[in-house]
Amino acid sequence: MKELVFVNGTMGVGKTSVCRELLRILQPSVFLDGDWCWNMSPFVVNDETRAMVLGNIAYLLNSFLHCSEYRHVIFCWVMHETSIVENVLGRLDLSDARFSLFTLTSSPQALEERLRRDIEDGKRKPDVLERSLKRLPLYEEMDSLKIDVSVLSPRKAAELLAERLGSRL
């Protein structure tokens, strides 16, 4: 049976970093960051590009789920509404997969500190700070396993996530 693991959280909380560590812990595994499917210039968000991105995510995840080489399929993305998670899941063949949804949470102070570092390093634009902090409370209400990463390294957060999956480290 496959393990399909969604890692969720607001922008800048550390999803990608945690998933990179999780990729090393869970073997054999494959990792998709939904943001990779938005890597376009110019960045355009409309009905057509949303449909394309969701279609590409579903195609890749289904391909990973059907590949016999991988037991763990790890996916992260900003999914601040349950409907986004359900939209992605509804496009997948889960006949041989167990699904888990994890949400990385953080204190507003820790999140702001991370985002400010990213902005100073040129990794993010300044407008992300307000948008990310505004979305933070939306994740508290989601039906998911929560991991507070305010004071955790990506490695420690990935280890906790793997423990919750019941995997041996």
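User: Let's start with disulfides. How many does the structure hold?

Analyst: A disulfide is a covalent bond between the sulfur atoms of two cysteines. Here the cut-off is a pair of cysteine sulfur atoms within 2.5 Å. This structure holds zero of them. Take C37, which is in no disulfide: the nearest cysteine sulfur, in C76, is 11 Å away. By the way, this is a predicted model, where local features need pLDDT of at least 70 and side-chain atom pairs count only at pLDDT 80 or more, while totals for chains, interfaces and linings use all residues. Residues are numbered from 1 along each chain as its sequence is written, and side-chain values use heavy atoms, leaving out hydrogens and water.

User: Why is C76 not bonded to C19?

Analyst: The closest cysteine sulfur to that of C76 is in C19, but at 4.2 Å it's too far for a bond.

User: And are C37 and C76 buried or exposed?

Analyst: First, the words: "buried" means under 20% relative accessible area, "exposed" means over 50%, and "partly exposed" is in between, using a 1.4 Å probe and protein chains only. With a relative accessible area of 13%, C37 is buried. C76 is buried too, at 0%.

User: Next, strands. How much of β1 is covered?

Analyst: Helices and strands here are DSSP runs, numbered from the N terminus: H or I over at least four residues for a helix, E over at least two for a strand. Strand β1 spans residues 2–8, and seven of its seven residues are buried. Both faces are covered, with K2, L4, F6 and N8 on one side. On the other side sit E3, V5 and V7.

User: Which strands does β1 pair with?

Analyst: Two strands count as paired if DSSP finds at least two bridges between them. Seven bridges join β1 to β4, residues 97–105, and the two run parallel. To see that pairing, look at N8, which stands opposite T103 in β4. Strand β3, residues 72–77, is also parallel to β1, with six bridges joining them. There, V7 stands opposite C76, the buried cysteine we met above.

User: Now salt bridges. How many are there in the whole structure?

Analyst: The rule is a side-chain nitrogen of Lys or Arg within 4 Å of a carboxyl oxygen of Asp or Glu. A search of the whole structure finds nine. One of them joins E3 and R98, with the closest N and O atoms 2.4 Å apart. That pair links distant parts of the chain, since E3 is in β1 and R98 is in β4, 95 residues apart. E3 counts as buried at 5% relative accessibility, whereas R98, at 38%, is partly exposed.

User: What about salt bridges within a helix, say R50 and D47?

Analyst: Their side chains meet at 3.2 Å, N to O. They are three residues apart in helix α2, so about one helical turn separates them. R50 is partly exposed at 39%, and D47 is exposed at 62%. Helix α4, residues 108–120, has E112 and R116 four residues apart, again about one turn. Their closest N and O atoms are 2.7 Å apart. E112 is partly exposed at 28%, and so is R116 at 42%.

User: One more: which residues does T49 touch?

Analyst: Contact means heavy atoms within 4.5 Å. T49 is found in helix α2, residues 47–66. Not counting residues up to four places away in sequence, T49 touches W38 and V44. With a relative accessible area of 12%, T49 is buried.
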